[in-house]
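Dear colleague,

I am passing on the structure below, together with some notes on what came out of going through it. Please read the notes with the coordinates open beside them.

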Amino acid sequence: AIVASDLPAWEDVLTDGEQALLVTASDARELADAITRLYHDPLLRQTLADNAYARVMEHYTWETRAQEILKKVFAKQ
């Protein structure tokens, strides 16, 4: 499972509570709480991991990226 800072760079990739637990940047207590939460909740850990994997396979493989590039190239013709 992923624990990450809730930085704008993650907005298009991760959703808090769906693919990861997002915590306030520079908040060590919140980070520790999120890690502890995952440690004590194996179902949440597995759900977040499964959701993150599914998102990667749907949107971020080389094949998917190539298809998106080709769509843009051929749309301009």
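**Salt bridges and surroundings**

R29 is exposed, with a relative accessible area of 57%. Please keep in mind throughout that the model is a predicted one. The side chain of R29 takes part in a salt bridge with D33, in which the closest N and O atoms are 3.1 Å apart. Both of these residues belong to helix 1, which covers residues 28–40, and they are separated by four positions, or about one turn of the helix. D33 has a relative accessible area of 41% and is therefore partly exposed, being over the 20% limit for burial but not over the 50% required for an exposed residue.

Searching the whole structure gives two salt bridges, and the other pair consists of K71 and E68, whose side chains meet at 3.4 Å, N to O. These two residues lie three positions apart in helix 3, again about one turn of the helix. K71 counts as exposed because its relative accessibility is 55%, while E68, at 33%, counts as partly exposed. As a general point, side chains of opposite charge can pair when their charged atoms come close.

**Overall architecture**

The protein contains three helices and two strands, and these follow one another along the sequence in the pattern β-β-α-α-α. Its radius of gyration is 16 Å, well over the 11 Å that the globule rule gives for 77 residues, so the protein is more spread out than a compact globule. Along the principal axes, the C-alpha atoms fill a box of roughly 55 × 25 × 15 Å.

Of the 77 residues, 18% are buried. The accessible surface amounts to about 6,000 Å², and carbon and sulfur atoms account for 57% of that area. When contacts between residues at least 6 apart in sequence are considered, 37% of them join residues at least 24 apart.

**Helix 2, helix 3 and a nonpolar patch**

Y53, V56, M57 and Y60 together make a nonpolar surface patch of about 420 Å². One of these residues, V56, is located in helix 2, which spans residues 42–59, and V56 counts as partly exposed because its relative accessibility is 40%.

M57 also appears among the neighbours of T64: leaving aside residues up to four places away in sequence, T64 touches M57, E58 and H59. T64 itself is part of helix 3, residues 62–75, and with a relative accessible area of 16% T64 is buried, since burial is set at under 20%. The side chain of T64 is in addition joined to that of T61 by a polar contact of 2.8 Å.

**The loop between the strands**

E11 sits in the loop that connects strand 1 (2–5) with strand 2 (20–23), and at 60% relative accessibility E11 counts as exposed. How far apart are E11 and A28 in sequence and in space? The two are 17 residues apart in sequence, and their C-alpha atoms are 21 Å apart in space.

With best regards

Definitions and conventions: Residues are numbered from 1 along each chain as its sequence is written. This is a predicted model: local features need pLDDT of at least 70, side-chain atom pairs count only at pLDDT 80 or more; totals for chains, interfaces and linings use all residues. Side-chain values use heavy atoms; hydrogens and water are left out. Patches are made of residues with over 30% relative accessible area and no salt bridge: like charges are joined within 9 Å, nonpolar side chains (Val, Leu, Ile, Met, Phe, Trp, Tyr) within 5 Å. Accessible areas come from the Shrake-Rupley method with a 1.4 Å probe; for residues, only the protein chains shown count as cover. A salt bridge is a side-chain nitrogen of Lys or Arg within 4 Å of a carboxyl oxygen of Asp or Glu. Buried means under 20% relative accessible area, exposed over 50%, partly exposed in between (1.4 Å probe, protein chains only). The radius of gyration is taken over C-alpha atoms; the globule rule is 2.2 Å times the number of residues to the power 0.38. Contact means heavy atoms within 4.5 Å. A polar contact is a pair of N or O atoms within 3.5 Å; within protein, one must be able to donate a hydrogen and the other to accept it, and residues adjacent in sequence count only if both atoms are side-chain atoms.
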